[in-house]
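Here are some worked exercises to try with the model open beside you. Have a go at each task before reading its solution.

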Amino acid sequence: MPTTEDTPYATHVIRVSAAEAQLLVQRDARYQPLIAHFGLLERTVHADIYTGLVITIMGQQLSNKARDGIIAKLPPQYLTDPEALHEVCVRSSENGERLLPFARTKISTLEQVTARFCSGQWSAAKLQAMTPEQRLAELCSVKGIGPWSVNMIEIMVFGDPDCFALGDYGVQQGWAMLTHRNLKKLSKTQLQSSLTRYARKVSPVGTAATLYLWAFKDIEGKLPQA
């Protein structure tokens, strides 16, 4: 896979396969015109698990452009060496020095993550060997990492083909447009229940569904014609 040139870290591209697209349409025929309109969508996946985790955490509540601008100014070893980033996180926490351009809560999360890598509790191989359910429990044991972050990590770090990001507002918007629902009229409980059922409906191609809903929500609700 080619390495992207618009980011300061190694990534590769995974495209929705024709078989995945066909299965998605079998699960929900309303995706047919979306696939015809957008083609086989792609997503960028981090080449290194540690790097991907760190970048995902650094990018929380930031646009991709803002995230990449900050990361480009950081010492490269912070993205490759857990000990180097852990040391600067500890110094920032203990001395109150502004050594990283992030909020204290985010630095604390990075400190916890790097500590697990430094101790050997986590490694790329150990995390890769876990099931998505096991990774969810493991990653959410770190304060500052929640289900939304784990969804992004599954899609953009582990390349999980069946991650329906039901906690993402963009996915919720796309789903509401596709299914002709009004998000404002659904309680949080109703929305969660409906999205959980829908995730089962589009399994095992939940990631493909996520990608098409992200794309769909940006075309002002007009379903393209096949």
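**Exercise 1.** Which side chain of opposite charge is nearest to Asp160, and how far away is it?

*Solution.* Before starting, note that this is a predicted model, in which local features need pLDDT of at least 70, side-chain atom pairs count only at pLDDT 80 or more, and totals for chains, interfaces and linings use all residues. Residues are numbered from 1 along each chain as its sequence is written, and side-chain values use heavy atoms, with hydrogens and water left out.

Step 1: locate the residue. Asp160 sits in the loop between helix H9 (147-156) and helix H10 (169-179). Helices here are DSSP runs of H or I with at least four residues, numbered from the N terminus.

Step 2: look for a partner. Lys and Arg count as positive and Asp and Glu as negative, while His and the chain ends are not counted. The nearest side chain of opposite charge to Asp160 is Arg135, 5.2 Å away. A salt bridge needs a side-chain nitrogen of Lys or Arg within 4 Å of a carboxyl oxygen of Asp or Glu, so Asp160 has none, although it is buried. Buried means under 20% relative accessible area, exposed over 50%, and partly exposed in between (1.4 Å probe, protein chains only).

Step 3: see what Asp160 does reach. Its side chain comes to 2.9 Å from the backbone nitrogen of Asp162. Leaving aside neighbours within four places in sequence, Asp160 is in contact (heavy atoms within 4.5 Å) with Arg43, Pro132, Glu154 and Thr207.

**Exercise 2.** Find how many salt bridges the model has, and describe the surroundings of some of them.

*Solution.* Step 1: the count is five.

Step 2: take Asp28 and Arg30, whose side chains pair at 2.9 Å, N to O. Asp28 is buried at 5% relative accessibility, whereas Arg30 is partly exposed at 33%.

Step 3: turn to Asp68 and Arg67, paired at 3.0 Å, N to O. Both Asp68 and Arg67 are buried.

Step 4: finish with Lys217 and Asp218, whose closest N and O atoms are 3.0 Å apart. Lys217 is partly exposed at 28%, and Asp218 is exposed at 52%.

**Exercise 3.** Explain why Cys118 and Cys163 form no disulfide.

*Solution.* Step 1: apply the cut-off, a pair of cysteine sulfur atoms within 2.5 Å. The model has zero disulfides.

Step 2: check Cys118. Its closest cysteine sulfur, in Cys89, is 9.8 Å away, too far for a bond. Cys118 is partly exposed at 33%.

Step 3: check Cys163. Here the closest cysteine sulfur belongs to Cys140, at 12 Å, again too far for a bond. Cys163 is buried at 5%.

Step 4: follow Cys163 to a neighbour. Asn151, in helix H9, touches Cys163, Phe164, Ala165, Leu166 and Gly167, not counting residues up to four places away in sequence. Asn151 is itself buried, at 15% relative accessibility.

**Exercise 4.** Test the span of helix H6 (residues 104-119) against its expected value.

*Solution.* Step 1: the expected span is 1.5 Å times one less than the number of residues. For the 16 residues of H6 this gives 22 Å, and the end C-alpha atoms are 22 Å apart, which agrees.

Step 2: pick out buried residues in H6, among them Ile107, Leu110, Val113 and Phe117. What covers the buried residues of H6 includes helix H3 (49-58), helix H5 (82-95) and helix H7 (124-129).

Step 3: look just past the end of H6, where Gly120 takes a positive phi of about 90 degrees.

Conventions. Helix = DSSP H or I, 4+ residues; strand = E, 2+ residues; numbered from the N terminus. Polar contact = N/O pair within 3.5 Å; in protein donor to acceptor, adjacent residues only side chain to side chain.
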